[in-house]
Amino acid sequence: MDAERLRFLYRTEQGRIDRATWRRGAGALLAVILPLTLIWFALQPYSAHDLATTPFFAPMTILAYAYVIFFAFAVMLCVVSFINLSAKRCRDRGLTPPLGLASLAPLLALIAGAAHFWQPRAAEIMSRWYVWGIDAIFVAAALWTVYELGWREEPRS
């Protein structure tokens, strides 16, 4: 794919695309973010740093926090790219507001990620049920987005 096509798909929300293009574009973003997420899952246990039991300079903890900075940046780039891609498809489907609907699943994904990060650190005030509730809302929004933008039949004219 050439640079102009990548710029059109991921850097602007203007324009329209068909469902096959949306599926390819969303799949490419998933192919980027999935391995990065799996690496974070492997490093996440090292982010819990207790000075009473571990040394001040724990190399794996330093690596975990350095990686989470890189990971957060990559997630933000993928979220913006997904919103731009999805806004084009929402516009093609006639869904309004296209940018608002395109932002729904990514926003809920970020909220769910924050809840998963925060809940173990504030378990006494944030029940696990809140996290599961947010997850359920996110999954519903993600399934709707995938169906509506990637698989729903085009209206016949």
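In the next few minutes I will go through the helices, the nonpolar core and the main pocket of this structure, which is a predicted model.

Let me begin with helix 3, which runs over residues 59–93. Helix 3 has 35 residues, and from its first C-alpha to its last it reaches 50 Å, close to the 51 Å that is expected at 1.5 Å a residue. Just after this helix comes Gly-94, whose phi is positive, at about 85 degrees.

Helix 5, covering residues 128–151, can be checked in the same manner. With 24 residues at 1.5 Å each it should span 34 Å, and because its end C-alpha atoms are 33 Å apart, the model agrees with that expectation. Buried positions in helix 5 are Val-131, Asp-135, Ala-141, Thr-145, Glu-148, Leu-149 and Gly-150, and you will notice that Asp-135 and Glu-148 are on that list. As for their partners, the buried residues of helix 5 pack against helix 2, helix 3 and helix 4.

Now to the interior. The largest nonpolar core has 25 residues, and those with the most contacts inside it are Trp-22, Tyr-67, Phe-71 and Leu-85. At least two residues of this core come from each of helix 1 (3–10), helix 2 and helix 3, with helix 3 giving the most, namely twelve residues.

Which residues does Trp-22 touch, if we leave out those up to four places away in sequence? Trp-22 touches Ile-17, then Phe-82, Leu-85, Ser-86 and Arg-89, and further along the chain Thr-145, Val-146, Leu-149 and Gly-150. Of these partners, Thr-145, Leu-149 and Gly-150 were among the buried residues of helix 5 that I named a moment ago.

Ser-86, one of the residues touched by Trp-22, lies in helix 3. Its relative accessibility is 0%, and therefore Ser-86 counts as buried. Besides Trp-22, and with the same sequence neighbours set aside, Ser-86 touches Ala-102 and Leu-149.

Two residues of helix 2 make a useful pair to look at. Thr-21 is found in helix 2 and has a relative accessible area of 9%, so it falls under the 20% limit and is buried. Leaving aside neighbours within four places in sequence, Thr-21 is in contact with Arg-5 and Leu-9. Between the C-alpha atoms of Thr-21 and Leu-107, which are 86 residues apart along the chain, the separation is 22 Å. Ala-42 also lies in helix 2, but at a relative accessible area of 49% this residue is partly exposed. Ala-42 and Ile-69, 27 residues apart in sequence, are 15 Å apart in space, C-alpha to C-alpha.

Finally, the pocket. The largest pocket holds about 1,300 Å³ of space and is lined by 36 residues, with Ile-33, Thr-37, Val-75, Ala-109 and Phe-138 lying nearest its centre. Two or more lining residues come from each of helix 2 (19–43), helix 3, helix 4 (98–118) and helix 5, and the largest share, eleven residues, belongs to helix 2. What is the make-up of that lining in nonpolar, polar and charged residues? There are 27 nonpolar residues, six polar and three charged.

To draw this together, helix 3 gives the most residues to the largest nonpolar core, whereas helix 2 gives the largest share of the lining of the largest pocket.

Conventions
Residues are numbered from 1 along each chain as its sequence is written. This is a predicted model: local features need pLDDT of at least 70, side-chain atom pairs count only at pLDDT 80 or more; totals for chains, interfaces and linings use all residues. Side-chain values use heavy atoms; hydrogens and water are left out. On a 1 Å grid over the protein atoms alone, a cavity is a set of points where a 1.4 Å probe fits but cannot get out, and a pocket is an open set with protein on both sides within 12 Å along at least five of seven lines; lining residues have an atom within 4 Å of a point. Grid points are joined across faces, edges and corners, and a volume is the space filled by probe spheres set on the points. Helices (H or I, at least four residues) and strands (E, at least two) are DSSP runs, numbered from the N terminus. Ala, Val, Leu, Ile, Met, Phe, Trp, Tyr, Cys and Pro count as nonpolar, Asp, Glu, Lys and Arg as charged, and the others, Gly among them, as polar. A nonpolar core is a set of buried Ala, Val, Leu, Ile, Met, Phe, Trp, Tyr and Cys residues joined through side-chain atoms within 4.5 Å. Buried means under 20% relative accessible area, exposed over 50%, partly exposed in between (1.4 Å probe, protein chains only). Contact means heavy atoms within 4.5 Å. The expected span of a helix is 1.5 Å times one less than its number of residues.
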